[in-house]
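Here is a short tour for anyone opening this model and wondering where to look. Have the sequence and the 3D view side by side, and follow the topics in turn.

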Amino acid sequence: MTNKTRKAVAIPVLCAALAGTIGTAGTEHVQGAAKPKLSAKQITLSKGKSKRVKLKNLRGVGKIKWTIGNKKVAKIKGNKETVKVTGVKPGVTKLTCRITVFKKVKKLSCKVLIKAAPSKGNTVQVQKTPSPAAPSQPAAVQPGNADPVPSAGAGTAMTDPPSPIPTPAIPTAPPIPLDPIPVKEADPNQTYDIEGSLKSAYGRFFGNVGTCANIFQIDPNGNFFGNDSKATVKFITDQYNSITPENESKPSRLLNAKDGTGGYLSDDFEPTLISVDDAMDDPYSYVPDNYPEDVCPKINYSEFDTFLKLVAENNMRIRFHAFVWHSQTPEWLFKEDFDVEGNWVTPEIMNARMEYYIKSVIKYICMKEDEMGWGDIVYCYDVANEYFHNNDKKDDKTGQTVKSYWDEVYYPDNPMSASGGYTQVAEPEYVKTAFRFAREMLDQNGRQHVALFYNDYNTYEVSDKIVHLMEYINEDEKLCDGVGMQSHLAVDYPLPARYGETLRKFLSSEAISQVQITELDVCTNKLDSGLTTQDDYYYKLMKEILAAHREYPGKITGLTFWGLYDGFSWRRDNRPLLFDSITKAKGVYYSVLRAAAEAEQEMAQ
């Protein structure tokens, strides 16, 4: 068909179409007009190269403001409806176009991925760090944190900082020293000089071997309570390659915008609120497009930054703990106008607040990692913690069991039972939503490989419920990678064999990709005058865990002991850990090492 023929056919068709709409074109045409959008939802370019992004469909558009999330990854130039994006260094960031449309503010975004400039010479071979072989407590006792105890601050860096890792990158665990595992006969009731390390003994099986610490123990500003900060840091880095902030990544610390350690464990503090405009102008924050309020709580990263710096300088990594938890979360986060005296907010408002909080924190961490060339410092996140115990909290005044703040918002009509207990919803929608928010932000920042966990205690009592929860969360798409078994145990509960059964149930589930032992400690029996029973329990427990590893290689990806030594434990009255001090190991330490040495021998046969 010639051009003239096309025009001849098109003109009468167009006229007929117009004739059918001539009387109704007015308001209907305005309502049906295409909405403003960006010319691309994602662009990829090399360092030093540029691409243009254009705002399209400008009807009703007033003010236009372009911003780039991370100016160290990309820069922008331009105004009005078109902006030029230029790559500065490898990384991931976000281009945001904030506009007013018929006097309403809207925000459009475009993911920006900057790759390294193409090599002009020979290909450089990158030396990979060795990858891992494959990367509860008594029922009457509830986990928590005691008042801070005498502790040490951090010293100077013990090793060179890790080399920058281009983003996105496939993470590996920090290098694991595969030294021979020392085996010695040790009296459980004696202390000994420390030989070997837990990261060497167990890193070869699980990759990540860690402890927890708090800001008092690692703060570089110095010698809290007269302890030697350098020696404490050396102890941590000698024994572990992973660390969990004991409190500093929980909502009660990140949402407490006031610096200082007053009310360290309290969640009863006033919010510091900032305008949504200020939050949107902050490149480290994320404000959802549907955020319905004029203000949002300020997030204080000062304490968490101390962990980031210490870990980066010492070639370690962080387990982030935790976003959604019924404890150590301020009540005002769930109330209208962020006022503790207000009414509970609606689920829709809480979803927006939750998205702001989770995505802002993950975005901040990813940007800091990229800016400093640290690679994946945070290798996993506990997104939800202790859901199946979230209504165990007691009212401080009455002593009665109270419904959690989360359920007050999302399940307000579910009554408490006559016994004072509360039956958990088997498929909590808000928990699944939290995982979706976390996964979206990690994917947006090229962290598809960073794992997300559901973490809980007494998992052997609610194992079927946890498996069902994981099936629900992952029924449409993979949002949650694994289960964290807190493992606050005691020598008389549970039996190591029962613990092993629960571990294998999780490992065998198709809905669970990996399992981590996240908060291990074992209390002594107060009726037992010595530590022999504890020694025997730890040895049998580690044998169970290592046997499960052989049956399901690659699915146990972390082992974390909850505390540096007995005097720093939240359960210190029951001497639950492997060390007596930063210079002395208890006899049980060598029993734990012996279990690893025997497992290595068995696997070599």
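In this predicted model, strands β5 and β6 form a hairpin with 2 residues between them. K80 sits in that turn and has a positive phi of about 50°. From here, we can move on to the sheets, a helix pair, some side-chain contacts and a few unusual backbone spots.

**The hairpin and its sheet**

- β5 (residues 74–79) and β6 (residues 82–87) run antiparallel and are joined by 6 bridges.
- Within this pairing, K77 stands opposite K84 of β6.
- The hairpin strands belong to an open sheet of 4 strands, ordered β1-β3-β6-β5, with antiparallel pairing.
- β1 (37–38) and β5 are the edge strands; each has a single partner strand, so one side of each is left without a neighbour in the sheet.
- At the β1 end, β1 pairs with β3 (residues 50–56) in the antiparallel sense over 2 bridges, and L38 has L55 in β3 as its bridge partner.

**A second sheet, with mixed pairing**

- Another open sheet of 4 strands follows the order β2-β8-β7-β4, and its pairing is mixed.
- Its edges are β2 (42–46) and β4 (61–68), each with a single partner strand, so one side of each lacks a neighbour in the sheet.
- From one strand to the next, the twist averages 25°.
- β4 and β7 (residues 91–101) run antiparallel, with 6 bridges between them; W66 has C97 in β7 as its bridge partner.

**R98 and its surroundings**

- R98 is another residue to find in β7.
- Its side chain makes a polar contact with the side chain of D277, at 2.2 Å.
- What else does R98 contact, leaving aside its neighbours within four places in sequence? Besides D277, the list holds K63, I64, K65, V105, K106, K107, M280 and D281.

**Helices α9 and α11**

- Two packed helices are described by the angle between their axes and the distance between the axes.
- For α9 (residues 347–372) and α11 (residues 429–444), the axes come within 9 Å and cross at roughly 35°.
- The crossing of α9 past α11 is right-handed.
- On the α9 side, the residues that meet α11 are N351, M354, E355, I358, K359, I362, K363 and C366. Their counterparts in α11 are Y430, T433, A434, F437, A438, E440, M441 and L442.
- Sorted by class, this contact has 10 nonpolar, 2 polar and 4 charged residues.

**Aromatic pairs**

- The model has 31 aromatic pairs, counting rings whose centres lie within 6.5 Å.
- In one of these, the ring centres of F323 and Y357 are 5.9 Å apart and the planes stand at 90°, so the pair is edge-to-face.
- F323 lies in strand β14 (residues 317–325) and Y357 in helix α9, so this pair ties together parts that are 34 residues apart in sequence.

**Backbone spots worth a look**

- Most residues other than glycine have a negative phi, and most peptide bonds are trans.
- Which kind of peptide bond runs from H321 to A322? That bond is cis, with omega near 0°, and A322 is found in β14.
- Y493 and P494 are also joined by a cis peptide bond, with omega about -10°. P494 has its place in the loop between β18 (488–490) and α13 (496–508).
- D337 is a residue other than glycine with a positive phi, near 60°; look for D337 in the loop between β14 and α9.

Notes:
Residues numbered from 1 in each chain as written. Predicted model: local features only at pLDDT ≥ 70, side-chain atom pairs only at ≥ 80, totals over all residues. Heavy atoms only, no water. Axes fitted to C-alpha atoms, helices over the stretch in contact; angles between N-to-C directions. Left-handed = near helix turned anticlockwise from the far one by under 90°. Contact = heavy atoms within 4.5 Å. Nonpolar A, V, L, I, M, F, W, Y, C, P; charged D, E, K, R; others polar. Pairing = 2+ DSSP bridges. Polar contact = N/O pair within 3.5 Å; in protein donor to acceptor, adjacent residues only side chain to side chain. Phe/Tyr/Trp six-rings, centres within 6.5 Å; stacked < 30°, edge-to-face > 60°.
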